[in-house]
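Please look through the model below, beginning with its pocket and then following the backbone.

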Amino acid sequence: MIEQVAIAFEHKDYQTAAKLLKQLQKESPENPWVQYYLGRLYEVSQKRQDAEKIYRQLLRDIRNTKIVTLARQGLQRLQEIKLEERQRAISQATAQPNNTELGVLVLEPLSNEMKTEASRKFAQIMQLDPYTARLLLPSRGWRLYRTGQVGELKFYGKQLQQAGIPCFWATIAQIQQIQVYQVKYFQESTPQATVVCRNEGNQLGSLTFDWSEVTARVVGLLPIFEEVVDRDVRGKLERKTQTQDYAQFCDLHLPGRRCILRFDDNGYEFQQGLEIIPQASQNTIRINWNSLSSWIDQQLPQVKIWSDFTLFADTTLDQTEMLGHIKSHIHLLRREQTNWDPAFHLYSGLMFVKDAN
């Protein structure tokens with residue numbers, strides 16, 4: 001009867017093949033040829049998951065060379081169909097002009113308990129091996145996973161979200177649309193806050209806002225690099241670039257005004273405006289900055305502080321081409337450009353866009 005099943009498949013007479021297999025399943029359900037043709041029937045009936053399950057089981061349990069070869073060929077066909085459908089879906093996803101914009105896909109942290117199941121699904125969706133997939137899923141902080149056309153990133157992102165893997169995507173254009181004001185000092189704090197600040201054109205002005213408008217606070221350290229002379233292993237003098245210090249940054253997000261108020265310890269004028277820090281002129285910058293941060297804490301007790309920038313930067317700094325599209329709005333005196341500056345603005349900007357959606 002197996003020969004009759006084979007002939008039915010050759011003639012694409014799947015109805016006859018199904019009837020014969022139903023009978024054979026009752027008579028000899030363990031027969032590997034019955035199992036193989038059942039897999040083929042599932043395959044032609046578009047029940048691909050069932051077909052894949054049978055083919056994999058045959059590869060695991062059967063030693064018959066012919067059946068092993070046919071099962072491998074079946075898996076190969078299923079893989080090619082999956083890739084074809086994926087490419088077609090991606091082409092459709094990027095067909096709209098606004099879906100071709102440069103964007104980023106960010107993975108959000110998962111607990112270790114959820115990682116085993118999540119990494120299996122992640123591997124399946126992104127065509128990775130499970131070990132690599134587990135390494136890529138973050139436990140703390142965000143991971144910049146992929147850059148490219150936002151339509152494609154959205155396509156993958158939706159599948160990941162449906163599989164319970166937290167992620168989000170955004171375009172670089174969305175980040176660039178956020179206005180950034182460099183705060184020089186606070187002029188007032190009650191009943192509303194007023195800051196003296198510079199806009200993107202470096203014009204000095206003031207901005208008044210309610211503390212309730214602030215939805216997020218992003219803090220981070222940016223390294224300050226200096227060229228130093230050191231001795232190599234042979235004792236010869238050599239010039240090296242080393243991190244000598246860190247600049248402290250704090251962003252307050254005002255989504256209702258589509259703007260970020262940016263503070264930094266080198267740019268803030270502690271001795272001007274509202275007296276927040278007594279004897280500011282006699283303190284170190286670090287003491288003044290810590291005092292300012294504590295004072296802002298008191299004004300915004302309910303606002304979440306995002307402080308995982310360094311973890312995010314570790315996954316972002318090598319994305320030089322993408323970061324090259326981002327205006328950093330960081331005004332540190334540097335000998336040469338560094339990816340740290342646009343990486344911080346990207347981190348803060350992504351938080352802004354995510355909260356606004």
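The lining of the largest pocket divides into 5 nonpolar, 3 polar and 8 charged residues (nonpolar: Ala, Val, Leu, Ile, Met, Phe, Trp, Tyr, Cys and Pro; charged: Asp, Glu, Lys and Arg; polar: the others, Gly among them). Of these 16 residues, Gln49, Glu52, Lys82, Arg86 and Gln124 lie nearest the pocket's centre. Two or more lining residues come from each of α4 (48–61), α5 (65–93), α6 (112–126) and α8 (150–162). A pocket here is an open set of points on a 1 Å grid over the protein atoms alone, where a 1.4 Å probe fits, with protein on both sides within 12 Å along at least five of seven lines; lining residues have an atom within 4 Å of a point.

This is a predicted model: local features need pLDDT of at least 70, side-chain atom pairs count only at pLDDT 80 or more, and totals for chains, interfaces and linings use all residues. Residues are numbered from 1 along each chain as its sequence is written, and side-chain values use heavy atoms, with hydrogens and water left out.

Helix α6 (helices are DSSP runs of H or I, at least four residues; strands are runs of E, at least two; both are numbered from the N terminus) has a kink of about 35° centred on Ala118, the bend being the angle between axes fitted to the seven residues ending there and the seven starting there. Ala118 is also among the buried residues of α6, as is Phe122 (buried is under 20% relative accessible area, exposed over 50%, partly exposed in between, with a 1.4 Å probe and protein chains only). After α6 comes Gln127, with a positive phi near 55°.

Arg258, not a glycine, has a positive phi of about 55° and is partly exposed at 34%. His329 likewise has a positive phi, of about 60°, but counts as buried at 8% relative accessibility.
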